Amino acid sequence: MATETRDYLLRQLDTAWMLTQYHLDGLATEECLWRPAHVGLHVHRADDGRWRADWPEHEGYDIGPPSIAWLTWHVGFWWSMALDHSFGAATLTREDVTWPGDADGVREWLARLHGSWRAALDVLADDDLRAPERTRWPLQDRPFAEVVAWANIELMKNAAEIGYARFLYAVRAR
């Protein structure tokens with residue numbers, strides 16, 4: 001079923017995903033774990049072996065730049081939350097979402113989330129996108145199309161941040 005709203009939102013998603021894939025292609029675990037500054041959001045291996053992400057108390061510039069590991073965790077976090085709260089049980093919390101531990105795991109995780117998100121969106125009609133029933137995270141009581149548009153913007157922003165960090169990593173020793 002073709003819908004105008006769904007189709008342009010999916011085209012935006014496809015564009016954002018292409019940029020994300022570009023920056024994930026060839027990404028190494030060493031790059032993920034590199035910290036561009038002595039402060040900044042990062043992931044840490046917990047005693048149980050799982051990788052937990054820092055959570056900022058605020059979004060000021062003084063928290064420092066995030067690592068690629070944190071940025072990729074962040075994509076996985078918000079996408080997992082959006083999927084669960086829009087199409088699932090709506091029980092997932094931030095604490096439930098951990099970083100995979102290496103670059104290959106990141107690529108697999110994000111590709112799986114992208115596939116699930118795109119498949120869920122692909123069957124929606126314009127009426128579904130105008131309705132607020134699925135809009136439970138990160139927005140409430142808004143048309144679901146706004147969540148989809150937010151996710152597209154968030155993906156593009158995070159892809160750009162990953163790319164910028166990769167540029168910094170590539171020239172760090174010069």
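Which exposed residues does the face of helix 4 turned away from its buried side carry? The points below take up helix 4, then the largest pocket.

1. The model is predicted. On helix 4, the face turned away from the buried side carries Glu-108 and Arg-112, both exposed.

2. The buried residues of helix 4 are Ala-103, Gly-105, Val-106, Trp-109, Leu-110, Leu-113, His-114, Trp-117, Ala-120 and Leu-121. They lie on the same side of helix 4, because they cover an arc of only 160° around the axis. An α-helix has 3.6 residues a turn, so residues three or four places apart point the same way.

3. What covers this buried side? Helix 1 (4-24), helix 2 (29-33), helix 3 and helix 6 are among the elements over the buried residues of helix 4.

4. The length of helix 4 can be checked. Helix 4 runs over residues 103-122, which is 20 residues. At 1.5 Å a residue, the expected span is 28 Å. The end C-alpha atoms are 28 Å apart, so the two values agree.

5. Now the largest pocket. Its volume is about 700 Å³. The lining counts 26 residues. Those nearest the centre are Leu-41, Pro-66, Trp-70, Lys-157 and Glu-161.

6. Which helix gives the most to the lining of the largest pocket? Helix 6 does, with eight residues. Helix 3 (68-87) and helix 6 (144-170) each supply at least two lining residues. Helix 3 and helix 6 also help cover the buried residues of helix 4.

7. By class, the pocket lining has 17 nonpolar residues, five polar and four charged.

Terms used:
Residues numbered from 1 in each chain as written. Predicted model: local features only at pLDDT ≥ 70, side-chain atom pairs only at ≥ 80, totals over all residues. Heavy atoms only, no water. 1 Å grid on protein atoms, 1.4 Å probe; cavity = no way out; pocket = protein on both sides within 12 Å on 5 of 7 lines; lining within 4 Å. Points joined across faces, edges and corners; volume = space filled by probe spheres on them. Helix = DSSP H or I, 4+ residues; strand = E, 2+ residues; numbered from the N terminus. Nonpolar A, V, L, I, M, F, W, Y, C, P; charged D, E, K, R; others polar. Expected span 1.5 Å × (residues − 1). Buried < 20%, exposed > 50% of the residue type's maximum accessible area, 1.4 Å probe, protein only. Arc of directions from axis to C-beta. Contact = heavy atoms within 4.5 Å.
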